[in-house]
Amino acid sequence: MSDATLHSATQDPDDFAVQIADSIESFIVATTEVARGDEPDSAVPFMLLEVSQLLLAGGRLGAHEDIVPEERYETDTGPDLDVDDLRERFARLLDPVDVFSEVFDPYEPRKAPVPFRISDNLADIVTDLRHGLAHYRAGRTTEALWWWQFSYFSNWGPTASATLRALQSLVSHVRLDQPLQELDGLDTDEDVAEDDLAEEAGRVMAEEIAAPLGLRRAPAPR
């Protein structure tokens, strides 16, 4: 199924598969556009909106009954498209707020926060979504839905949820005029405990990142 027929008038716009595919393609297109860096002032608020909308589609997939592919083995979609350029563009665009800390599984007790990068997360999400979109465009609708649902539970859902929390936290810190904890020097290949995170964190005022990322502080309460 080509791009031209992806939104064919013969397709029912109320169809579940069409709606999910539209949401996913919209996220990929929007994320790619933001990564170009043409409008850096609106990057963080815009990605907050886009990830939120993507997770609505993910929630619909998660609430749906298990989708079973028609074939026993997944059809080969060919090599996944390279996302290194997307990853690197976001890393430059989001510096110095790219790294954030996240508890990997909230139901595993006493787990220390783990460092992640928003740029890595967005690239990984796009990779998963494109894989399913390749099935969809080839006319394998059930296989596309199966892949999106499976990878929502196993990878892109948790990754998008963590990214949304990071973006929402960033916007909230700036809008509420609350200083951010800086994670400069912390990298995702390090194994650090919670105390190490606190020790490495410095103080950086919201004003230092508000203007470049298009964020504005809310007025202080009277």
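This is a short walk through the nonpolar core, the empty spaces and one threonine of the structure above, which is a predicted model.

Let's begin with the core. In soluble globular proteins, nonpolar side chains tend to be buried together. Here, the largest nonpolar core has 47 residues, and Phe27, Phe90, Leu129 and Trp148 are the ones with the most contacts inside it. Two or more residues of this core come from each of α2 (16-35), α3, α4, α5 and α6. Among these elements, α6 gives the most, with 12 residues.

Phe27 is a good place to set your viewer. Leaving aside residues up to four places away in sequence, Phe27 touches Met47, Glu50, Val51, Leu54, Leu122, Ile125, Val126 and Leu129. One of these partners, Leu129, is itself among the core residues with the most contacts.

Next, look for gaps. Rolling a probe the size of a water molecule over the atoms shows where empty space is left. How many cavities of 30 Å³ or more does the structure hold? There is one, and the largest cavity encloses about 30 Å³ of space. Its lining is made of Ala43, Val44, Met47, Phe90, Leu94, Ile118, Leu122 and Leu167. The elements that supply two or more of these residues are α3 (43-63), α4 (84-94) and α5 (118-137), with α3 giving the most, three residues. By class, the lining has eight nonpolar residues and no polar or charged ones. Two names from the Phe27 contacts, Met47 and Leu122, turn up again in this lining, as does Phe90 from the core.

The second largest pocket has another character. About 320 Å³ of space lies in this pocket, and 17 residues line it. Those nearest its centre are Phe104, Phe116, Pro158, Thr159 and Ala162. Two or more lining residues come from each of β2 (114-117), α5 and α6 (141-175), and α6 gives the most, with seven. The lining divides into six nonpolar, six polar and five charged residues.

Finally, follow helix α6 to Thr163. Why does Thr163 count as buried? Because its relative accessibility is 0%, and the cut-off for buried is under 20%. A polar atom of the Thr163 side chain lies 2.8 Å from the backbone oxygen of Thr159, and Thr159 is one of the residues nearest the centre of the second largest pocket. Beyond residues up to four places away in sequence, Thr163 touches Phe100, Ile118, Asn121, Leu122 and Ile125. Of these, Ile118 and Leu122 also line the largest cavity, while Leu122 and Ile125 also touch Phe27.

Terms used. Residues are numbered from 1 along each chain as its sequence is written. This is a predicted model: local features need pLDDT of at least 70, side-chain atom pairs count only at pLDDT 80 or more; totals for chains, interfaces and linings use all residues. Side-chain values use heavy atoms; hydrogens and water are left out. On a 1 Å grid over the protein atoms alone, a cavity is a set of points where a 1.4 Å probe fits but cannot get out, and a pocket is an open set with protein on both sides within 12 Å along at least five of seven lines; lining residues have an atom within 4 Å of a point. Grid points are joined across faces, edges and corners, and a volume is the space filled by probe spheres set on the points. Helices (H or I, at least four residues) and strands (E, at least two) are DSSP runs, numbered from the N terminus. Ala, Val, Leu, Ile, Met, Phe, Trp, Tyr, Cys and Pro count as nonpolar, Asp, Glu, Lys and Arg as charged, and the others, Gly among them, as polar. Buried means under 20% relative accessible area, exposed over 50%, partly exposed in between (1.4 Å probe, protein chains only). A polar contact is a pair of N or O atoms within 3.5 Å; within protein, one must be able to donate a hydrogen and the other to accept it, and residues adjacent in sequence count only if both atoms are side-chain atoms. Contact means heavy atoms within 4.5 Å. A nonpolar core is a set of buried Ala, Val, Leu, Ile, Met, Phe, Trp, Tyr and Cys residues joined through side-chain atoms within 4.5 Å.
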